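Subject: The structure I promised you

Hi,

Here is the structure I said I would pass on. Open it up, have a look around, and then read my notes below with the model beside you.

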Amino acid sequence: MQSRAQGWTNRVVSAGLGLWLAVGCGQTTAAGEGQAARTSSLGVASAQARIAAAASHSLAVRPDGTVWAWGSNSSGQLGDGTTSQRTVPGAVPGLSGGVAVAAGVSHSLAVRSDGTAWASGANSNGQIGDGGPINFVSTPTLSLLY
């Protein structure tokens, strides 16, 4: 069992790592902030959410457009093809060009620079938006919203 000091230290390190990912550890990009403000086919005039948190998982978009996820993964909401919890941020495989993210209770959403919407996680109420009957998907799936 962890001591209180170790638990507190782990939380501080995790929060710091999450912030580091969110701000890109000082990296600059050619596109800059203009990339996040593109108009998409979804009618999103200014997609700005570059970090999102739900009750038990978090998402971030790095300046290079990669999407990172960590936390609970019981419904595949981290999009890494598993249902294993991740206590440190990891890149979501195959999901690049991200401009915005959102986190639901057990699902995750990302909008790419081409305007497509991608989702992973719980789908018992159609959260993925692909029209499929599957209860959950553990890899990013193109939403029919596009």
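Start at strand S1, which is joined to strand S2 (residues 57–61) by 3 bridges, with the two running antiparallel. Within that pair, Ala-52 sits opposite Leu-59 in S2. Keep in mind that this is a predicted model.

Now zoom out a bit. S1 and S2 belong to an open sheet of 4 strands, ordered S1-S2-S3-S4, with antiparallel pairing. Why is one side of S1 and of S4 left without a neighbour in the sheet? Strand S1 (51–53) and strand S4 (86–91) are at the edges and have a single partner strand each, so there is nothing in the sheet on their other side. On average, neighbouring strands here are turned by 10 degrees against each other, if you ignore direction. As background, strands of a sheet pair through backbone hydrogen bonds, and they can do that either parallel or antiparallel.

Back to Ala-52 for a moment. Which residues is Ala-52 in contact with, once its neighbours within four places in sequence are left aside? They are His-57, Ser-58, Leu-59, Val-101, Ala-102 and Ala-103. Ala-52 is also part of the largest nonpolar core, which has 11 residues, among them Leu-59, Val-61, Val-67, Leu-78, Val-101 and Trp-118. The elements giving two or more residues to this core are S2 and strand S3 (67–71).

Next, follow the chain to Val-101's neighbourhood. Strand S5 (residues 98–103) and strand S6 (residues 107–112) run antiparallel and are joined by 5 bridges. Ala-103, which you met as a contact of Ala-52, has Ser-108 in S6 as its bridge partner. A hairpin of 3 residues takes you from S5 to S6.

S6 has another partner to look at. It pairs with strand S7 (residues 117–122) over 5 bridges, in the antiparallel sense, and Leu-109 stands opposite Ala-119 in S7. The hairpin of S6 and S7 has 4 residues between the strands, and in it Gly-115 takes a positive phi near 90 degrees.

From S7 you can hop over to Thr-141, which lies in strand S8 (residues 136–142). Not counting residues up to four places away in sequence, Thr-141 touches Ala-117, Trp-118, Ala-119, Ile-128 and Asp-130. Is Thr-141 buried or exposed? Its relative accessible area is 18%, so it counts as buried, given that the cut-off is under 20%.

There is also a charged pair to find. The count of salt bridges comes to 1, and it is between the side chains of Arg-86 and Asp-80, at 2.6 Å from N to O. Arg-86 has a relative accessible area of 15%, so it is buried. Asp-80 comes out at 22% relative accessibility, so it counts as partly exposed.

Last, the overall picture. The protein has 1 helix and 8 strands, and from the N terminus on the elements run α-β-β-β-β-β-β-β-β. Of its 146 residues, 41% count as buried. Among contacts with a separation of 6 or more, 44% come from residues 24 or more positions apart. The protein exposes about 7,700 Å², and carbon and sulfur atoms supply 58% of that.

Shout if you get lost anywhere.

Cheers

Technical notes. Residues numbered from 1 in each chain as written. Predicted model: local features only at pLDDT ≥ 70, side-chain atom pairs only at ≥ 80, totals over all residues. Heavy atoms only, no water. Pairing = 2+ DSSP bridges. Axes fitted to C-alpha atoms, helices over the stretch in contact; angles between N-to-C directions. Core = buried A, V, L, I, M, F, W, Y, C linked by side-chain atoms within 4.5 Å. Buried < 20%, exposed > 50% of the residue type's maximum accessible area, 1.4 Å probe, protein only. Contact = heavy atoms within 4.5 Å. Salt bridge = Lys/Arg side-chain N within 4 Å of Asp/Glu carboxyl O. Areas by Shrake-Rupley, 256 points an atom, 1.4 Å probe, with all protein chains shown as cover.
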